[in-house]
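Please open the structure in your viewer and keep the selection panel at hand. The stops below go from the whole chain to single residues, and each says what to select.

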Amino acid sequence: MRTAALHNLGCKVNSYETEAMQQLLEEAGYEIVPFHEKADVYIINTCSVTNIADRKSRQMLHRAKKQNPDAVVVAAGCYVQAASEELKADLAVDVIIGNNKKQDLVPILEEYFQDRTDCDHVIEIGQTQEYERLSIHKIADHTRAFLKVQDGCNQFCSYCIIPYTRGRVRSRRPEEVVAEVKELAAAGYQEVVLTGIHLSSYGVDFDEEHKETLLSLIRQVHEVAGIKRIRLGSLEPRIITEEFAKALADMPKFCPHFHLSLQSGCDETLKRMNRHYTTEEYAEGCAILRRFFDNPAITTDVIVGFPGETEEEFAVTKAFLEQTGFYEMHIFKYSRRAGTRADRMPDQIPEQAKTARSEVLLKLEKQMSKAYRESFLGKKKAVLLEEKTEINGTEYMIGHTMEYVKAVVPYAENLKNKMVEGVLVRAINDEVLMLDESWKVV
């Protein structure tokens with residue numbers, strides 16, 4: 001029996017694909033071992049969203065070869081699409097598998113073991129319209145399952161390499177999504193997160209006869225018995241309309257937790273980024289969500305130090321963030337990517353200025369996040385308990401509210417994957433609230 005170890009880098013879509021590849025290997029008779037142990041095969045699902053992600057991908061590939069020089073080291077995913085020639089020349093890498101070929105992992109390995117020659121499996125990702133058939137069907141060891149329903153992106157933001165590594169928008173047929181959700185529910189999962197590279201584009205590639213939208217997909221998933229919560233991955237602001245928000249608010253299983261990608265709170269910067277909305281449209285989307293949902297969680301991404309971002313533009317962004325208010329903000333320092341328009345733009349910002357701006361927004365994020373969590377004190381909330389944790393020497397069961405606020409109850413056996421309800425009474429640290437003593441399983 002051959003052994004295999006997998007390591008994932010990058011986004012939730014990558015995580016899903018890594019889990020699906022692990023399942024393919026298990027079904028083919030491979031024994032899965034931890035990545036730090038000696039294995040016959042190492043699979044690294046790489047990321048290329050930033051230069052740092054590229055570097056981490058290379059480091060993990062070299063670490064794998066160092067652990068067992070006789071092992072077959074497989075580079076898969078986005079970094080492979082971005083740097084296939086470089087990887088072909090890398091002595092630490094034996095097989096390269098691009099996006100849309102991960103489903104063929106097992107036959108690719110078997111072929112390689114036979115003659116050790118065919119090591120390049122990278123397609124022209126921009127040319128394909130095929131959705132890669134990967135799925136997960138296994139017994140729940142977590143309470144929440146991530147489900148990839150869409151791949152690719154047509155947006156071409158000026159800083160982003162992803163359309164070149166993931167190709168054009170490709171959506172998974174809703175009947176396949178629903179079938180997998182049913183399997184996950186039967187395996188014990190109570191919560192699913194629908195995710196994709198550009199989730200808001202779901203269905204745009206379907207012909208008129210078989211038209212679907214993200215909303216129609218959510219409605220179908222909502223009908224699946226056993227699933228109690230539905231979350232969404234990152235959304236584009238312009239998908240938020242009155243009709244969309246009202247339809248979601250009418251679904252009791254839908255979690256009012258929205259990750260609306262912003263990137264900048266300054267219209268001039270947004271134009272240079274080739275983002276397809278204005279700050280006014282973004283603010284209107286947040287206002288719509290707050291009309292239809294009671295205190296929804298709105299989280300976002302912000303890039304600081306984009307080429308040409310002046311101190312004035314940064315000040316405009318900061319003021320917009322303060323005015324809009326968020327539960328969480330993921331702050332990124334702009335990272336140059338060869339092959340993108342932003343890499344060729346003038347007025348690149350010095351690293352020192354990026355760091356200073358990042359620190360300002362991280363401080364703001366901490367304040368807003370604390371204020372949002374504390375707004376739930378005194379409110380009755382349902383919490384899906386996920387795992388045992390220790391905080392300040394005391395054991396708890398920790399989980400999340402529908403708004404994705406962390407909450408705990410005192411530890412007891414058999415509480416994993418149970419839904420409990422109670423009043424949130426106090427913060428036990430910067431990130432976690434506690435339910436009152438009268439909480440109960442519901």
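The tour that follows starts with the overall fold, continues with a sheet and its helices, and ends with individual residues.

**The whole chain**

Begin with everything displayed as a cartoon, bearing in mind that this is a predicted model. The protein chain contains 13 helices and 20 strands, and its C-alpha trace spans about 65 × 55 × 55 Å along the principal axes. The radius of gyration is 23 Å, which agrees with the value near 22 Å that a compact globule of 442 residues would have. Of those 442 residues, 55% count as buried. Among the contacts with a separation of 6 or more, 72% are between residues 24 or more positions apart.

**An open sheet of four strands**

Next, select β11, β12, β13 and β14, which form an open sheet in that order with parallel pairing. Strands β11 (234-235) and β14 (328-333) stand at the edges, and because each has a single partner strand, one side of each is left without a neighbour in the sheet. Zoom in on the β11 edge, where the strand pairs with β12 (residues 257-260) in the parallel sense over two bridges; the bridge partner of Ser 234 is His 259 in β12. Then add helix α11 (residues 279-292), which lies across β12 and β13 (297-304) and runs at about 165° to β13.

**Two helices side by side**

Now select helix α12 (residues 311-324) together with helix α13 (residues 351-374), whose axes are 11 Å apart and which pack at an angle of about 5°. Since angles under 35 degrees count as roughly parallel, α12 and α13 are therefore roughly parallel to each other. With side chains shown, Glu 311, Phe 314, Lys 318, Leu 321 and Glu 322 of α12 can be seen to meet Arg 357, Val 360, Leu 361, Leu 364 and Met 368 of α13. By class, this contact of α12 with α13 has six nonpolar, no polar and four charged residues.

**Two residues that count as buried**

Which residues does Lys 148 touch? Select Lys 148 in strand β7, and, leaving aside residues up to four places away in sequence, look for its contacts with Val 13, Tyr 16, Glu 17, Tyr 131, Glu 132, Arg 166, Arg 172 and Thr 195. At 1% relative accessibility, Lys 148 counts as buried.

Move on to Leu 9, in the loop between β1 (3-8) and α1 (12-27), which also counts as buried, with a relative accessibility of 12%. With the same exclusion of residues up to four places away, Leu 9 touches residues including Ile 44, Asn 45, Thr 46 and Cys 47, as well as Lys 56, Ser 57 and Met 60. A distance label from Leu 9 to Ser 48, C-alpha to C-alpha, should read 9.1 Å, although these two residues are 39 apart in sequence.

**Two loop residues with positive phi**

Finish with two loops. Select Phe 156, between β7 (144-151) and α6 (162-166), where phi is near 55°, a positive value in a residue other than glycine; Phe 156 counts as partly exposed, at 29% relative accessibility. Then select Asn 414, in the loop between β17 (406-410) and β18 (419-427). The phi of Asn 414 is near 60°, again a positive value in a residue other than glycine, and Asn 414 is exposed, with a relative accessible area of 63%.

Terms used
Residues numbered from 1 in each chain as written. Predicted model: local features only at pLDDT ≥ 70, side-chain atom pairs only at ≥ 80, totals over all residues. Heavy atoms only, no water. Axes fitted to C-alpha atoms, helices over the stretch in contact; angles between N-to-C directions. Parallel < 35°, antiparallel > 145°, perpendicular 65-115°, else oblique. Contact = heavy atoms within 4.5 Å. Nonpolar A, V, L, I, M, F, W, Y, C, P; charged D, E, K, R; others polar. Pairing = 2+ DSSP bridges. Buried < 20%, exposed > 50% of the residue type's maximum accessible area, 1.4 Å probe, protein only. Rg over C-alpha atoms; globule rule 2.2 N^0.38 Å.
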